[in-house]
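Biologist: I am new to reading protein models, and I would love a close look at one part of this one. Could you take me through it slowly?

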Amino acid sequence: MLDTQVTKAPPSLLYMVKQVELVVRSHLDELVRPSGITALQYTALTVLERHDGLSAAQLARDSFVTAQSIADLVRSLEGRGLVRRERNPRNRRELLILLTHDGRELLARHAGPVRELEERMVRDLTAHQTEQFRQALTKTWHALS
């Protein structure tokens with residue numbers, strides 16, 4: 001009888017990236033749930049923390065959600081007092097979304113636990129490997145953008 005070993009191909013990189021995304025999102029949802037927000041809402045708040053005063057379309061792109069779902073997301077965050085909308089002084093037809101004081105406080109409360117989650121994610125990597133990982137992710141993102 002012949003011993004035929006079947007060599008399995010490793011999972012695709014796309015599959016592995018999706019696995020990481022799902023597990024990160026699950027952990028992030030757990031972290032922010034006590035504040036009454038979702039991981040997607042948290043992501044939008046962090047985008048505004050870096051680039052305050054975005055249009056809904058810009059916020060949707062930078063938060064990885066559709067233009068349709070950003071409206072509900074912003075309405076929910078606005079209802080909680082975490083963001084506010086105001087007219088763009090350069091284009092009165094456009095509303096800009098801005099982070100409120102309460103939104104900044106919420107982000108500050110979660111900064112430590114989120115940093116710990118990120119550290120846990122790369123704890124088996126050296127500092128050099130972590131930086132290489134960051135650069136590789138940036139390059140792959142740019143390649144597809």
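Biologist: Which residues in α1 meet which residues in α5?

Modeller: Happy to help, and please keep in mind that this is a predicted model. From α1, the residues in this contact are Val20, Val24, His27, Leu28, Leu31 and Val32. Their partners in α5 are His110, Pro113, Val114, Leu117, Arg120 and Met121. Sorted by class, the contact of α1 with α5 has nine nonpolar, two polar and one charged residues.

Now for the geometry. Two packed helices are described by the angle between their axes and the distance between the axes. Here the axes of α1 and α5 come within 11 Å and cross at roughly 155°. An angle over 145 degrees counts as roughly antiparallel, so α1 is roughly antiparallel to α5. The crossing in which α1 passes α5 is right-handed.

Let us pause at one residue of this contact, arginine 120, which sits in helix α5. Arginine 120 has a relative accessible area of 46%. Partly exposed covers the range between 20% and 50%, so arginine 120 is partly exposed. Along the chain, arginine 120 and valine 23 are 97 residues apart, yet their C-alpha atoms are separated by 12 Å.

Another pair of helices is worth a look beside this one. α3 and α4 pack with their axes 9 Å apart, at an angle of about 100°. That angle falls in the range of 65 to 115 degrees, and α3 and α4 are therefore roughly perpendicular to each other. On the α3 side you will find Ala56, Leu59 and Ala60, which meet Ala67, Ile70 and Val74 in α4. By class, this contact of α3 with α4 has six nonpolar residues, with no polar and no charged ones.

Finally, we can step back to the largest nonpolar core, which has 24 residues. Ile37, Leu45, Leu59, Leu77 and Val83 touch the most other members. The elements that give two or more residues to this core are α1 (13-32), α2 (39-50), α3 (56-63), α4 (67-79), β2 (91-99) and α5 (101-121). The largest share comes from α2, with six residues. As a last stop, try finding isoleucine 37 in the view. Leaving out residues up to four places away in sequence, isoleucine 37 touches Val32, Tyr42, Leu45, Leu77, Arg80, Leu82 and Leu106. One of these, Val32, also takes part in the contact between α1 and α5, which brings us back to your question.

Notes. Residues numbered from 1 in each chain as written. Predicted model: local features only at pLDDT ≥ 70, side-chain atom pairs only at ≥ 80, totals over all residues. Heavy atoms only, no water. Core = buried A, V, L, I, M, F, W, Y, C linked by side-chain atoms within 4.5 Å. Buried < 20%, exposed > 50% of the residue type's maximum accessible area, 1.4 Å probe, protein only. Helix = DSSP H or I, 4+ residues; strand = E, 2+ residues; numbered from the N terminus. Contact = heavy atoms within 4.5 Å. Axes fitted to C-alpha atoms, helices over the stretch in contact; angles between N-to-C directions. Parallel < 35°, antiparallel > 145°, perpendicular 65-115°, else oblique. Nonpolar A, V, L, I, M, F, W, Y, C, P; charged D, E, K, R; others polar. Left-handed = near helix turned anticlockwise from the far one by under 90°.
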